[in-house]
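Trainee: I'd like to learn how to read the features of a structure like this one. Could you walk me through it?

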Amino acid sequence: MARAVTTQRKAINTTIAWAIGLLIFFPILWTILTSFKTEGEAVANPPVFLFFDWTLENYAVVQERSNYMRFLWNSIIIAGGSTLLGILVAVPAAWSMAFVPSKRTKDILLWMLSTKMLPAVGVLYPIYLLCIELGVLDSRAALVVILMLINLPIIVWMLYTYFREIPGEILEAARMDGAGLKEELLYILTPMAVPGIASTLLLNFILAWNEAFWTLNLTAVDAAPLTAFIASYSSPEGLFFAKLSAASTMAIAPILILGWFSQKQLVRGLTFGAVK
Amino acid sequence: MAAADTRADFRTRMQNWLPKIVLAPSVTLMLIFVYGFIFYTIYLSFTGSRMLPSYDWVGLRNYENLFRLSHWEIAITNLGIFASLYIIICTLIGLSLAIFLDQKIRGEGFLRPIYLYPMALSFIVTGTAWKWLLDPGIGIEATMQTWGFTEFTFNWIKDRDMAIYTIVIAAVWQTSGFVMAMFLAGLRGIDNEILKAAQMDGASNWSLYRRIIIPQLRPAFLSAFVILSHLAIKSYDLVIAMTDGGPGRATELPATFMYSYTFTRNQMGIGASSAVIMLMTIAAIMIPYLYAELREKK
């Protein structure tokens, strides 16, 4: 909104806005800083902010003691695998709804999105029992499939909104020039769809990475990702503060980077399209 | 000639059917996954299942037992406190932040992702960070005391009566920036011409907001409400990371209740009935909203 704001007012506002930003970021910043302290400095009173002996020791200890890399690897496989699988299942569906819409398309989309709002507890039993039955409890494969199903509505719907932005005239022009379905898909749609697919990938990777309900309930040792790792050490006896901070920092670092690029998709996805 | 005809015919038929065929897997998966599994849960809630599912029909007995449990009563009372405070405070803070950030702040593009970060990070990690910050022995309380405020106490997380409010604090921190983004999008969508006209007519800033801007944000308020309430009912990660339902049962919420009745107490029937109650609560909020959305779009 264009409203007259005096320079002085603007300076004050900017200062306050940055102060709030710092306040919001503080718990995250504190965790990151603590991960570079020694255990003594981590609980030092009064706390040290920046002037301590920066050390990487915590990271080494965390890896050594609890085989951190295995949890990281599980997180990558589960988040990456479920996202890729989801895209594979969703692309045809989104393509069909975006380019050959029917009367029911809007209803189907809204219905799909609505299912994402339902609580996971509603389907915990059948999935848990099915996992026992199939002997896939605590396996990465099971989590890949489950998280894919959990996020499928969001994936289909996001892809749909991106595909819809591809102008239909281009397809018509290509058809006039004699392009068949194959050429259409390969040379026109795919290149234009790549940015949308990439954005969807990013958002769903974040969602799957953070997912805790299913990963906590369906894993024990073998398939446990970082969320389960952090949760198991959240009691003060388990791990010392600086080491826990190191583990936490490693768990959020990828998201701190990816989140910066996907803030728009994050708002769009988490509000179920209420915010464009 | 005839062969070419059938081929063309086949092609058009394929082009008519292909969209439906490729849509089918997603729809089928969701139908089974959502409705099939939910119906199974509903069915379980009417059986005497304990550690494993059994199929003896017990009618409404699980529901009767559920509402007699003090444990469940704590969980829904906590949900009531948590959800109402969470929704109200998040909406107020989110709206204020949005109005504030709309005043031409320098570096807004840099600030927005920072405000949003808490929502993008794993609730387990941020919940753990909050647990340490709020711990009287090493967190805010200890720090304030060594800085000379010896009288300062902030031990809510260890206090049975206050612990639920620490969950509210962390949850508000988590979501406010996200709610801000929703309102900011709403604010940016308001027609500038109307505002200019009102300003020409001498409307003050305050009445501008009260009479024109806030009423125009109605859709944003509605979606914020629906999204916040479904997040509140689904809350699980944050509680697990911060208090694990404790001290005692002071921060138990329906989702953690369901978990403990399933996996530590082996009361599948009762757990299922609590899940059905949660499903129904969310449906009661969601269905009218979707209905309104659909009607609007048509």
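**Reading the model**

Mentor: Let's start with Ser274(B), which sits in helix α13 (residues 268-297) of chain B. Before going on: this is a predicted model, where local features need pLDDT of at least 70, side-chain atom pairs count only at pLDDT 80 or more, and totals for chains, interfaces and linings use all residues. Residues are numbered from 1 along each chain as its sequence is written, chains are lettered from A and ligands numbered from 1 in the order in which they are written, and side-chain values use heavy atoms, with hydrogens and water left out.

Trainee: Is Ser274(B) buried or exposed?

Mentor: Buried means under 20% relative accessible area, exposed over 50%, and partly exposed in between, with a 1.4 Å probe and protein chains only. Ser274(B) has 0% relative accessibility, so it counts as buried.

Trainee: Which residues does Ser274(B) touch?

Mentor: Contact means heavy atoms within 4.5 Å. Not counting residues up to four places away in sequence, Ser274(B) touches Leu66(B), Trp72(B), Phe257(B) and Met258(B).

Trainee: Where do the helix labels come from?

Mentor: Helices (H or I, at least four residues) and strands (E, at least two) are DSSP runs, numbered from the N terminus. Phe257(B) and Met258(B) are among the buried residues of α12(B), a helix that is mostly covered, with 8 of its 10 residues buried.

Trainee: How do I read the packing of α3 (residues 70-101) of chain B and α12 (residues 254-263) of chain B?

Mentor: Axes are lines fitted to C-alpha atoms, for helices over the stretch in contact, and angles run from 0 to 180 degrees between N-to-C directions. Here the two helices pack at an angle of about 155°, and their axes are 8 Å apart. That makes α3(B) roughly antiparallel to α12(B); angles under 35 degrees count as roughly parallel, over 145 as roughly antiparallel, 65 to 115 as roughly perpendicular and the rest as oblique.

Trainee: Which residues make that contact?

Mentor: From α3(B) come His71(B), Trp72(B), Ala75(B), Ile76(B) and Leu79(B), and from α12(B) come Pro254(B), Phe257(B), Ser260(B) and Tyr261(B). As background, an α-helix has 3.6 residues a turn, so residues three or four places apart point the same way. By class, the contact has 7 nonpolar, 2 polar and no charged residues. The classes: Ala, Val, Leu, Ile, Met, Phe, Trp, Tyr, Cys and Pro count as nonpolar, Asp, Glu, Lys and Arg as charged, and the others, Gly among them, as polar.

Trainee: What about empty space: how many cavities are there of 30 Å³ or more?

Mentor: Picture a 1 Å grid over the protein atoms alone: a cavity is a set of points where a 1.4 Å probe fits but cannot get out, and a pocket is an open set with protein on both sides within 12 Å along at least five of seven lines; lining residues have an atom within 4 Å of a point. Grid points are joined across faces, edges and corners, and a volume is the space filled by probe spheres set on the points. A search of the whole structure finds 6 such cavities. The second largest holds about 80 Å³. Its lining includes Trp30(A), Phe241(A) and Trp132(B), and the lining residues divide into 7 nonpolar, 4 polar and no charged.

Trainee: And what lines the second largest pocket?

Mentor: That pocket has a volume of about 830 Å³. It is lined by 34 residues, of which Leu23(A), Phe26(A), Trp130(B), Leu133(B) and Ile140(B) lie nearest its centre. Helix α1(A) gives the most to the lining, with 8 residues. By class the lining has 29 nonpolar, 5 polar and no charged residues.

Trainee: Where is Lys243(A), and is it buried or exposed?

Mentor: Lys243(A) is in helix α12 of chain A, and at 7% relative accessibility it counts as buried. Leaving aside neighbours within four places in sequence, Lys243(A) is in contact with Glu39(A), Asn58(A), Val61(A), Val62(A) and Arg65(A). Lys243(A) and Val62(A) are 181 residues apart in sequence, yet 6.2 Å apart in space, C-alpha to C-alpha.

Trainee: Which backbone angles should I look at?

Mentor: Try the positive phi values in residues other than glycine. Asp138(A) has phi near 60°, and at 16% relative accessibility it counts as buried. Asp244(B) has a positive phi of about 55°, but at 56% relative accessibility Asp244(B) counts as exposed.
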